[in-house]
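Here is a short set of exercises to work through with the model open beside you. Try each task before you read its solution.

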Amino acid sequence: MKRWLGVALGIVTSIGGFLEIGSITTAAQAGAEYRYQLTWTIVLGTACIGLLIEMAGRFAAVSKHTIADAMRERFGIHFFMVPLLLIFFISLLVLAAEIGGVAVAIEFLTGVHFPVWAIPVALLAWGLLWYGTFSMIENGISALGLITIVFVIVGVRLGPDWHALAARLLPSLPDKEPAHYWFIAVSILGASVSPYLFYFYSSGAIEEKWDETHIAPNRMVAAVGMGFGGFLSVAVLVVAALVFAPRGIKVEEYKQLPLLLSIPWGRAGFLLFAGSLFITCIGATAEITLALAYEIAQGFGWNWGEDLEPSDDARFSLTYTVILLASSLLVLTGIDPLKMTTLSMALTSASLPVAILPFLVLMNDRKYLGEHTNGWLGNLAIVVITVLASVVAIVAIPLEIMGGS
Amino acid sequence: MRVRLVRDLLDNQLIDAADQNAGKVDGIVLELCDGEPARVRYVEVGPVTLARRLNRRFGNWVARLDKRLGEGRGEPIRIPISRISLEEPSLRVDLVAEKTPIMALEQWLRRAIVSRIPWS
């Protein structure tokens with residue numbers, strides 16, 4: 001019974017934790033400029049992260065290893081350093097985007113320019129990590145993230161064309177600006193398939209001492225939780241298609257984002273948007289920071305654990321402190337959070353094969369998984385999606401930068 | 001039991017007698033005797049061995065820095081292989097890491113920084 005309560009909680013936290021600055025921004029840009037046409041990328045990204053999350057949970061439950069720990073063990077220090085450094089630096093950018101998201105939400109509420117809030121936001125996140133527990137962060141903040149269901153309510157009330165939406169669940173070629181179309185497509189994939197997510201998830205499974213009895217509940221959490229999470233992203237896209245596209249609004253600066261809800265719902269919509277952005281981004285800030293510190297601590301064999309006192313894992317705790325400080329300094333420079341978000345999401349997409357393919361090798365290693373190794377279909381799906389996303393990103397990023405947007 | 005050194009020993013997690021993470025096996029020391037097969041004598045733990053595996057010059061720089069942490073640091077930390085046993089999913093080492101130089105950095109950070117932060 002307790003396990004199934006855990007499933008319900010896991011689903012709630014997956015839904016509440018799905019949206020963050022990356023998925024909100026990229027879905028809003030897609031809806032504003034291509035209406036429903038890019039819906040398929042959200043579906044694809046959600047399927048991919050659902051598969052990866054299921055694998056990460058199964059890996060931890062069966063092998064009792066976290067991914068970073070096993071990656072160092074299986075491939076050795078030289079190879080391990082490559083994904084470690086790549087994921088680390090790209091995730092620092094993503095983290096800066098999330099801290100920027102919280103800071104921007106506070107700017108919406110107070111009128112004070114966002115860079116001022118970078119250090120206070122980092123301090124708030126640090127306080128949650130230093131004094132809080134894993135379940136408080138995972139369950140508490142993510143449950144508050146259910147506020148993002150407001151996008152579904154607004155989307156349904158605006159009355160989308162369901163047939164047109166359903167027709168866009170399958171990939172299609174763009175009618176205009178193909179380079180920009182593919183840039184947004186890979187940014188959406190990068191926002192959905194964030195490597196930090198499955199590093200975080202496998203560490204959480206070890207912190208919560210999962211065993212093989214967790215395989216079935218884990219599968220359900222991954223499928224239902226991520227599925228509904230992706231549904232929220234589609235809702236943001238639909239709202240943008242119905243609010244922005246008819247008015248010719250392109251999302252070119254972060255101050256336009258609250259219009260998504262303030263045009264249909266006025267002041268209440270504005271406040272709901274700011275609240276959603278604040279909660280989802282502070283949750284993602286805590287998760288990314290922890291994921292990066294986990295990766296380092298597990299790779300080097302230190303004591304680690306969000307449920308330990310900082311004095312029992314000083315290296316781990318001070319690592320996340322430095323990570324938060326470094327990312328908040330990036331926000332302090334005043335770099336536009338919107339540009340930082342889309343670029344970091346596209347870079348994430350470009351780096352996916354390096355981050356994911358070694359993990360896939362682990363998922364097929366009987367030393368770790370015994371009879372629970374991957375099936376060929378899951379392997380094939382992940383290889384095709386990550387390699388394609390990476391190739392398209394490597395082509396689209398320079399084109400987008402040269403295009404000046 | 002057949003143990004493959006690179007797959008089953010090198011870069012594997014060490015857990016100490018107090019169930020704490022005691023680092024990874026960063027290096028393996030073999031003894032070579034004429035006419036006999038090579039024997040594993042020690043495993044090495046710590047940033048000096050690890051950094052030297054990545055790049056010797058970088059390793060020497062790390063060693064100079066690491067020396068400041070006190071006695072037993074600034075050089076590879078060696079554990080006799082006889083004190084290590086395989087205990088899935090990790091390697092068990094029959095010593096308490098807190099009482100060895102392995103935890104010198106952790107102890108210094110705890111003393112110098114963490115203990116000064118209120119309510120820590």
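**Exercise 1. Describe how α11 and α12 of chain A pack, and classify the residues where they meet.**

Solution. Start with the geometry: helix α11 (residues 215-243) and helix α12 (residues 259-300) of chain A pack at an angle of about 60°, and their axes are 9 Å apart. Helices here are DSSP runs of H or I with at least four residues, strands are runs of E with at least two, and both are numbered from the N terminus. Axes are lines fitted to C-alpha atoms, for helices over the stretch in contact, with angles from 0 to 180 degrees between N-to-C directions.

Next comes the hand: α11(A) and α12(A) cross in the left-handed sense, where left-handed says that the near helix is turned anticlockwise from the far one by less than a right angle, and right-handed that it is turned clockwise.

Then list the residues. A:Val239, A:Ala240 and A:Val243 from α11(A) meet A:Leu259, A:Leu260, A:Ile263 and A:Pro264 from α12(A). Two residues are in contact if their C-beta atoms, placed from the backbone, lie within 7 Å. Sorted by class, this contact has seven nonpolar, no polar and no charged residues. Nonpolar covers Ala, Val, Leu, Ile, Met, Phe, Trp, Tyr, Cys and Pro; charged covers Asp, Glu, Lys and Arg; the others, Gly among them, are polar.

Before you go on, a note on the source: this is a predicted model, in which local features need pLDDT of at least 70 and side-chain atom pairs count only at pLDDT 80 or more, while totals for chains, interfaces and linings use all residues. Residues are numbered from 1 along each chain as its sequence is written, and chains are lettered from A and ligands numbered from 1 in the order in which they are written.

**Exercise 2. Compare the expected span of α9 in chain A with the distance between its ends, then assess its burial.**

Solution. The expected span is 1.5 Å times one less than the number of residues. For the 15 residues of α9 (residues 178-192) of chain A that gives 21 Å, and the end C-alpha atoms are 21 Å apart, so the two agree.

For burial, count C-beta atoms, placed from the backbone, within 10 Å of a residue's own: 20 or more others make it buried, 12 or fewer exposed, and anything in between partly exposed. Of the 15 residues of α9(A), 12 are buried, so this helix is largely enclosed by the rest of the structure. Among the buried residues are A:Trp182, A:Phe183, A:Ile188 and A:Gly190.

**Exercise 3. Which backbone angles at A:Arg35, at A:Glu177 and before B:Pro89 deserve a second look?**

Solution. Keep the background in mind: most residues other than glycine have a negative phi, and most peptide bonds are trans.

- A:Arg35 has a positive phi of about 45° although it is not a glycine. A:Arg35 sits in the loop between α2 (21-34) and α3 (39-63) of chain A, and it is buried, with 22 other C-beta atoms within 10 Å.
- A:Glu177 is not a glycine either, yet its phi is positive at about 35°. The loop between α8 (162-167) and α9 of chain A holds A:Glu177, which is partly exposed, with 14 other C-beta atoms within 10 Å.
- Between B:Glu88 and B:Pro89 the peptide bond is cis, with omega near 5°. B:Pro89 lies in the loop between β6 and β7 of chain B.

**Exercise 4. Lay out the fold of chain B and its four-stranded sheet.**

Solution. First, the inventory: chain B has four helices and seven strands, in the order α-β-β-β-β-α-α-β-β-β-α from the N terminus. Of its 120 residues, 30% are buried.

Second, the sheet: four strands form an open sheet in the order β2-β1-β7-β6 (chain B), with mixed pairing. At its edges stand β2 (21-24) and β6 (84-87) of chain B, each with a single partner strand, so one side of each has no neighbour in the sheet. From one strand to the next the twist averages 35°.

Third, one pair: β1 (residues 13-15) and β7 (residues 90-93) of chain B pair in the parallel sense over two bridges, and pairing requires at least two DSSP bridges. Here B:Leu14 stands opposite B:Leu91 in β7(B).

**Exercise 5. Characterise the side of chain A that touches chain B.**

Solution. Count first: 19 residues of chain A are in contact with 22 residues of chain B. On the chain A side, α4 (67-110) and α13 (314-332) are the elements that give two or more residues, and α4(A) gives the most, with five. By class, this side divides into seven nonpolar, seven polar and five charged residues.
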